[in-house]
Amino acid sequence: MGARPHPKEAALSAAVATPLRVAVLVSGAGTNLQALLDACAVDGYGARVVVVGADRPHTRAIQRAEQAGVPTFVLEVSEFADRAAWDDALAQAVAESSPDLVVLAGFMKLVGTAFMTKFAARIVNTHPALSPSFPGMHAVRDALDHGVRVTGCTLFFIDEGIDTGPILAQRCVPVLDGDDEATLHERIKIVERELLVDTVGAMAREGWTVTGRKVSIP
């Protein structure tokens with residue numbers, strides 16, 4: 001297991017016991033979650049999903065976690081007085097599992113200040129475009145409308161912006177003649193799952209450092 005940076009000081013590093021403890025937040029079908037669960041079941045991968053949280057009940061993703069024997073929780077925004085109270089409760093719920101890394105796997109809510117402060121430099125998200133191009137909810141549609149011939153997916157640490165955080169890894173996906181938003185997005189999702197599994201595994205086995213906007217996985 002490699003060294004991992006202190007959350008607030010990328011110049012420092014601290015050893016973290018293996019396997020890497022991963023918390024996953026979900027909102028829907030959980031295909032990215034399933035890819036991680038399958039990878040974690042392979043000897044030598046180096047990571048373990050220790051909790052799965054959702055912002056809505058009865059999702060397929062929560063069912064996948066339960067079938068894998070992973071603890072779960074559901075926190076709906078409507079259950080709280082305001083968004084800040086929900087964010088604080090979400091941070092506390094995730095913190096109970098003492099994760100080394102938090103993965104937003106199709107999580108359709110923006111986390112707030114309390115959550116980002118609690119897990120600084122440890123929250124990973126995916127985006128179906130090659131950042132910094134086409135941020136936001138309609139990245140695939142925007143890429144098609146722009147007429148690009150190559151798009152892809154990005155894995156990044158979140159910050160206060162919209163899909164603007166330091167980039168961990170990217171992979172390209174060609175835009176084919178006749179592609180529509182659905183067909184292109186489906187091919188991006190396949191590559192996205194592979195990228196997520198490969199990158200989290202590398203982080204677990206080798207560690208990582210963040211210096212400014214530069215992320216290094218030895």
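This tour moves through a predicted model, from its central sheet to the helices that pack on it.

Begin by selecting the strands. They form an open sheet of 7 strands in the order β5-β4-β3-β6-β7-β8-β9, and the pairing is mixed. At the edges stand β5 (72-74) and β9 (167-174); each has a single partner strand, so one side of each is left without a neighbour in the sheet. From one strand to the next, the twist averages 20 degrees.

Next, select β6. Its residues L101 and V103 point one way, V102 and L104 point the other way, and all are buried. In general, side chains of a regular strand alternate between the two faces of the sheet. Strand β6 runs parallel to β3, to which 4 bridges join it; here V103 is the bridge partner of V24. With β7, β6 pairs in the parallel sense over 3 bridges, and L104 stands opposite N125. To follow the chain from β6 to β7, trace helix α4 (residues 113-118); this β-α-β crossover is right-handed.

Move then to β4 and β5, which pair in the parallel sense over 3 bridges. Select A54 and V74 in β5 to view two residues that stand opposite each other.

Now add helix α1, which packs on the sheet and touches β3, β4, β6 and β7; its direction makes about 155 degrees with that of β4. Helix α2 also packs on the sheet, touching β3, β4 and β5, and its direction makes about 155 degrees with that of β5.

Finally, select residues 31-40, helix α1, where N32, L33, A35, L36, L37 and A39 are buried. Their cover includes α2 (60-67) and α6 (181-206), together with strands such as β3 (20-26) and β7 (123-127).

Methods:
Residues numbered from 1 in each chain as written. Predicted model: local features only at pLDDT ≥ 70, side-chain atom pairs only at ≥ 80, totals over all residues. Heavy atoms only, no water. Buried < 20%, exposed > 50% of the residue type's maximum accessible area, 1.4 Å probe, protein only. Contact = heavy atoms within 4.5 Å. Pairing = 2+ DSSP bridges. Right-handed = clockwise from strand over helix to strand, strands pointing away. Axes fitted to C-alpha atoms, helices over the stretch in contact; angles between N-to-C directions.
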